[in-house]
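Here are my notes on this model, set out as numbered points. Please read them with the structure open.

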Amino acid sequence: MARRNAITKMKKYIKEKLHDVDITELRAKTSAEDVREAIKQSQTGKCRGHSRITYELWNSWKEPKNNEENNDKKPISISSILQSVFNDIERHEIVDEAYTKAVMSLIFKKKDKMKIENYRPITLLETDYKIHTKIFTNKLGRVCQDLIHKDQVGFIPGRSLFDHTRLAHLVVDYA
């Protein structure tokens with residue numbers, strides 16, 4: 001209830017609106033292709049979460065080909081399995097605590113190891129959870145272009161900090 005009230009309150013301050021086609025894309029169910037793309041984008045060699053499942057496992061799972069000769073036994077498609085799980089979570093908005101469980105740790109940065117300010121926290125999340133959030137990130141990245149001001153270039157697909165750097169150089173040259 002408090003969450004819905006906070007969302008309603010924040011909506012009053014938002015001026016930009018999504019186009020209908022963008023709303024449709026965001027509301028669309030997760031597809032197996034969305035899952036495959038998110039797995040492909042995941043970085044191997046990263047720390048794993050509580051379950052200790054790595055990105056390497058998800059990447060090593062070979063997807064079945066459409067022209068399999070032996071149709072008696074249907075090969076297991078990990079993207080289809082994850083698609084079903086993710087769509088179930090999105091549809092029912094019920095998430096098991098184990099799915100979002102995180103392991104938090106401190107990592108030493110530099111200088112004196114006896115001072116807490118020389119450490120940074122890191123949270124290790126489950127890889128399947130991170131794949132799911134990557135799917136959301138990809139969807140948002142496709143529709144957010146019109147919502148975010150043109151001056152915001154960091155972390156926006158198709159925009160680059162180089163544009164601002166180049167603009168600053170041109171202004172200095174012009175002056």
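1. Start with R36. This residue is partly exposed, at a relative accessible area of 34%. Bear in mind that the model is a predicted one. R36 forms a salt bridge with E33, and their closest N and O atoms are 3.3 Å apart. Both residues sit in helix α3, which covers residues 32-41. They are 3 residues apart there, so about one helical turn separates them. E33 counts as partly exposed too, with 43% relative accessibility.

2. Next, a second pair inside one helix. R91 forms a salt bridge with D88. The closest N and O atoms of R91 and D88 are 3.6 Å apart. Both belong to helix α5, with their positions 3 residues apart, about one turn of the helix. D88 is partly exposed, with a relative accessible area of 36%. Helix α5 runs over 78-92.

3. Which residue does R142 pair with in a salt bridge? The partner is E25, with the closest N and O atoms 2.5 Å apart. R142 is in helix α7 and E25 in helix α2, residues 20-27, so this pair ties together parts that are 117 residues apart in sequence. R142 is partly exposed at 44% relative accessibility. E25 is partly exposed as well, at 27%. The count of salt bridges in the model comes to 4; the pairs R142 and E25, R36 and E33, and R91 and D88 are among them.

4. Now a charge without a partner. E126 is buried, yet it has no salt bridge. How far away is the nearest side chain of opposite charge? That side chain is K101, and the distance is 7.4 Å. A salt bridge needs a Lys or Arg nitrogen within 4 Å of a carboxyl oxygen. E126 lies in the loop between β2 and α7, the latter being 127-143. Neighbours within four places in sequence aside, E126 is in contact with G49, H50, S51, R52, A98, Y99 and K101. I would look at this site by eye.

5. R52 is one of those contacts of E126, and its backbone deserves a check. Phi of R52 is near 70°, a positive value in a residue other than glycine. Most residues other than glycine have a negative phi. R52 lies in the loop between α3 and α4. Is R52 buried or exposed? It is exposed, with a relative accessible area of 55%.

6. K111 has a positive phi too. The value is about 65°, and K111 is not a glycine. K111 is located in the loop between β1 and β2. Its relative accessible area is 68%, so K111 is exposed. D112 is in the loop between β1 and β2 as well. D112 counts as partly exposed, at 36% relative accessibility. From D112 to I7 the C-alpha distance is 43 Å, with their places 105 residues apart in sequence.

7. The surface has a positive patch. Which residues form it? They are K109, K110, K111, K115 and R120. K115 belongs to the loop between β1 (102-108) and β2 (119-125). K115 is partly exposed, with a relative accessible area of 43%. For a residue to join a patch, over 30% relative accessible area and no salt bridge are required. The 43% of K115 and the 68% of K111 can be read against that cut-off.

8. There is a nonpolar patch on the surface as well. L57, W61, I76, I81 and V85 form it. Together they have about 420 Å² of accessible area. V85 is placed in helix α5. At 38% relative accessibility, V85 is partly exposed. Helix α5 also holds R91 and D88.

9. Last, P75. This proline is found in the loop between α4 (55-60) and α5 (78-92). P75 is partly exposed, with a relative accessible area of 36%. Its C-alpha atom is separated from that of L125 by 29 Å. Along the chain, P75 and L125 are 50 residues apart.

Terms used
Residues are numbered from 1 along each chain as its sequence is written. This is a predicted model: local features need pLDDT of at least 70, side-chain atom pairs count only at pLDDT 80 or more; totals for chains, interfaces and linings use all residues. Side-chain values use heavy atoms; hydrogens and water are left out. Patches are made of residues with over 30% relative accessible area and no salt bridge: like charges are joined within 9 Å, nonpolar side chains (Val, Leu, Ile, Met, Phe, Trp, Tyr) within 5 Å. Accessible areas come from the Shrake-Rupley method with a 1.4 Å probe; for residues, only the protein chains shown count as cover. Lys and Arg count as positive and Asp and Glu as negative; His and the chain ends are not counted. The place of a charge is taken as NZ of Lys, CZ of Arg, CG of Asp or CD of Glu. Helices (H or I, at least four residues) and strands (E, at least two) are DSSP runs, numbered from the N terminus. Buried means under 20% relative accessible area, exposed over 50%, partly exposed in between (1.4 Å probe, protein chains only). Contact means heavy atoms within 4.5 Å.
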